[in-house]
Amino acid sequence: MDAVIDYAIYMLGTDAAVRSWNKGAERCEGYAAQDILGAPFDTFFVHEDRALGLPAGILDQALEDSRHETECWQLRKDGSRFWAHLTVDPVYGDDGGQIGFAILARDLTAAKLAEENQRRSEEQFRILVQGVTDYAIYLLDPQGKVSSWNAGAQRIKGYAPREIIGKHFSTFYTEEDRARELPAKGLATAARLGRFENEGWRLRKDGSRFWAHIVIDRILDDQGRHVGFAKITRDITVRREAEQELAKTREALFHAQKMEAVGQLTGGVAHDFNNLLMAIIGNLELLTRRLQHDPSSLALLSNALSGAERGATLTRRMLAFARRQELKPAALDLRPLARNLMGLMERSLGPRIGVDLAFPISLERVLVDANQLELAILNLVMNARDAMPEGGRITLGAQSVQVEPGHAVGLAPGRYVCLSVSDEGQGMDATTLERATEPFFTTKGVGKGTGLGLSMVHGLAEQSDGRLVLHSEAGQGTRAEVWLPVAPSETQVEAAPSPMDEPSRNGQLRVMLVDDDPLILATTAAVLEDIGHLTYEKSSANEALEALFGGVEVDLLITDQMMPGVQGHQLLIQARAQWPQLPAILASGYSETPKDLPGSVVRLAKPYGRAELMQAIDKAVLMQMAV
């Protein structure tokens, strides 16, 4: 017994006093044999246990059961504690009488501390898991039944622990996912690979759905046996919606940038094409006047002029898409405009297409160019007709809308009128709908459309601080919405000016003509001379200023706006500073009017013909006479 040092082995007499003491007892308890022999058994017990009578109780229990094992705190000689496992056996003599007790004590402090640490760690982990409310954390048995439930699971899924523990976790899946056996596939993957991660719709107790990110981890015991799964679920509905909204915003930005780039290219092409058309139209008109005696030639010239005018219409649509057309916005009531168009639409659409008007009794006025809006409506109506080759009905309507921040239409907050054209036609798929407003994109086949109708409507809406919105699905028809801002109350309702049938004659004028394009310069000069005016041709603003300040006297100044170096409006500013009464015309294919343009300057939109030029001259002279 003295050789055993890992166990304290000693004897007690019937009086519970120590009668023997081995080396192990000396190492564990700290007492030498001479210090402890004769001492009572309760010497090794802490005060609390002595007060409870634990030492005597252990001995009594050993007598009753013939052996007793327990664990308790023991005291060393130095007063320190250790956790001990005690085995107490009654000892009997040869005559059968009890002569004492055999005590076997083992120091389990390290194991006790490890157990306590484990218990504390588990308790802390339990508190941690229960304290997490942003994640549903729970355990599943190998069959997928819920065996634990934290506060986060209750918050996210809506079930109390008593309502869900013992039920299969497929309860949280949608009907369609259960039909696809997704719960079983997830468990199988986790069991095979150790982990399964996925996202999808999940159901709450109240039946509502949320988008979840889930992780299933396989749990193995110390022997490597599969004992269940740990399941973590997070509600990421808000994040998913934010990501989707961000993706939509990025897509909208990309589309806007693409359309802007296409618009710049289209506008540049249209501007150059305008100059070519001006030269063609101007020379054809001159030839028409000079060949009045030749009917066959006049017929050919008329056809050529018609083709050139169609080209001019095409460039106007291109400039409309590029938001560079010249607009004359005014407060406009859409109801009489629509009624006035009914006769034209019915004649153009044919007998198989019906038109319905759906306008409220009261409708706010919009701020828009009336002529361009008429053209836009006709374009939309013609598109609707082409989408219904077998016939159908078109609905033209409008309603006032208050646009708040974050509205789906994407406009600045304020009052708008939504003008809509709806049809019952073939509709468009997502790919076609995405490209519908691109210039020259058409689905009507070769020779049946320019692909600029919707582009023009898009440009008009954007240039009017509005928006073109298309709603369509294949086989479900199309609804085109033109959102236009409500006209401020102080905006005057402008009546469209009636064109002059016969421009007045102002006698011979000395006209300084300025244009950097020699073709335009020569053609316009020829038209002016044919009208009866004297021209001074200058290819730049600097040449014009040099001539004016050099003493050349003129009655009228006509200049192009877009020129290298000094632009047209800058030329007019310098000329008017010296000659305030000088009549002036600013010609441009673009709509932008410089903010510092001098007053009483007539705008002349390119391409223009002889009649438009004569009207502009008359207007410029009359305006300056009235100043």
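**Two cavities in a predicted model**

In this predicted model, the lining of the largest cavity is made up, by class, of five nonpolar, four polar and two charged residues. The space within this largest cavity amounts to about 70 Å³.

The residues behind these classes can be located in the structure. The largest cavity is lined by Met278, Ile281, Gly282, Glu285, Thr523, Thr524, Val527, Tyr608, Gly609, Arg610 and Leu613. Three helices each contribute at least two residues to this lining: helix 10 (237-290), helix 16 (518-531) and helix 19 (610-626). Of the elements that line the largest cavity, helix 10 gives the largest share, with four residues. Glycine is counted among the polar residues, so Gly282 and Gly609, both in the lining, belong to that class.

The count of cavities of 30 Å³ or more is two. The second largest cavity has a volume of about 40 Å³. Around the second largest cavity stand Leu513, Val514, Asp515, Ile520, Leu521, Thr524, Ile558, Thr559, Asp560, Ala587, Lys606 and Tyr608. By class, these lining residues are seven nonpolar, two polar and three charged.

Strands also take part in the lining of the second largest cavity: strand 17 (510-514) and strand 19 (556-560), together with helix 16, each supply at least two residues. Helix 16 likewise supplies at least two residues to the lining of the largest cavity. Thr524 and Tyr608 appear in the lining of the largest cavity and also in that of the second largest cavity.

Notes: Residues are numbered from 1 along each chain as its sequence is written. This is a predicted model: local features need pLDDT of at least 70, side-chain atom pairs count only at pLDDT 80 or more; totals for chains, interfaces and linings use all residues. Side-chain values use heavy atoms; hydrogens and water are left out. On a 1 Å grid over the protein atoms alone, a cavity is a set of points where a 1.4 Å probe fits but cannot get out, and a pocket is an open set with protein on both sides within 12 Å along at least five of seven lines; lining residues have an atom within 4 Å of a point. Grid points are joined across faces, edges and corners, and a volume is the space filled by probe spheres set on the points.
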